[in-house]
Amino acid sequence: QFSFMGGSCGPLAYQLQYNVQTRGMDIFRRGQPVEHVPCCDVLSFVKEQLALASADNPELPFDFCGGFVGYLGYELKELCQDGEGTRNKHVSPHPDSCLLFADRFVAWDHERSQCFVV
């Protein structure tokens, strides 16, 4: 029923890049220096951030309040099974995960032909 399109212009928006080999994450926020988080699990981080971002708005006909968009690479399999997942045979020169947290978005209701700017 709904389509959502998010952006990186909101005050809480940020991008994160994760490297499985180093278990390090870099967080990029507009107008701030890069924040490096060593020895972390990106999947746990995303779960924690989504729990903090929940919001109730009874005026909206959906319960989506923003979230992450991007990719989780196959290399993250190492993080599965309590960190004992299958080891990677190859190392990518690109981030193993790159996500954007979008706190501003447009929602389109296909059934009612209504638009919501959140």
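These are legends for five close-up views of a predicted model.

**View 1. Here's the largest nonpolar core and its best-connected members.** The core has 15 residues, and Leu16, Tyr18, Met25 and Val42 touch the most other members. Two or more residues apiece come from strand E2 (14–19), strand E3 (24–28), helix H1 (42–52) and strand E6 (97–102). Zoom in on Leu16: leaving aside residues up to four places away in sequence, Leu16 has contacts that include Met25, Ile27, Val42, Phe45 and Phe68. Also touching Leu16 are Asp26, Ser97, Cys98 and Leu99.

**View 2. Phe4 and Phe62 meet edge-to-face.** Searching the whole structure turns up 11 aromatic pairs, and the one formed by Phe4 and Phe62 has its ring centres 5.3 Å apart, with 75 degrees between the planes. Phe4 belongs to strand E1 (residues 2–7), while Phe62 sits in the loop between H1 and E5, so the pair ties together parts that are 58 residues apart in sequence. How buried or exposed are the two partners? Phe4 is partly exposed, its relative accessible area being 34%. Phe62, at 10% relative accessibility, is buried because the cut-off for that label is under 20%. Pull back a little and you'll find both rings in one aromatic cluster, together with Phe2, Phe64, Phe105 and Phe116.

**View 3. Arg29 lies over a tyrosine face.** The ring in question belongs to Tyr14. Arg29 is placed 4.5 Å from the centre of that ring.

**View 4. Strands E7 and E8 make a hairpin.** E7 (residues 104–109) and E8 (residues 114–117) run antiparallel to each other and pair over 4 bridges. Across the pairing, Trp108 stands opposite Cys115 in E8. Now for the turn: 4 residues separate the strands. Which residue takes a positive phi in this hairpin? That's Ser113, with a value near 55 degrees.

**View 5. Gly73 is a buried loop residue.** Look for Gly73 in the loop that links strand E5 (67–72) to helix H2 (80–83). Its relative accessibility comes out at 17%, so Gly73 falls under the 20% limit and counts as buried. For a second landmark, try Tyr18, one of the residues touching the most other members in the core of View 1. Gly73 and Tyr18 are 55 residues apart in sequence, and their C-alpha atoms are 9.7 Å apart in space.

Definitions and conventions: Residues are numbered from 1 along each chain as its sequence is written. This is a predicted model: local features need pLDDT of at least 70, side-chain atom pairs count only at pLDDT 80 or more; totals for chains, interfaces and linings use all residues. Side-chain values use heavy atoms; hydrogens and water are left out. Buried means under 20% relative accessible area, exposed over 50%, partly exposed in between (1.4 Å probe, protein chains only). A nonpolar core is a set of buried Ala, Val, Leu, Ile, Met, Phe, Trp, Tyr and Cys residues joined through side-chain atoms within 4.5 Å. Contact means heavy atoms within 4.5 Å. Rings of Phe, Tyr and Trp (its six-membered ring) pair if their centres lie within 6.5 Å; planes under 30 degrees apart count as stacked, over 60 as edge-to-face and the rest as tilted. A charge sits over a ring if NZ of Lys or CZ of Arg is within 6 Å of the ring centre and within 35 degrees of the ring normal. Two strands pair if DSSP finds at least two bridges between them.
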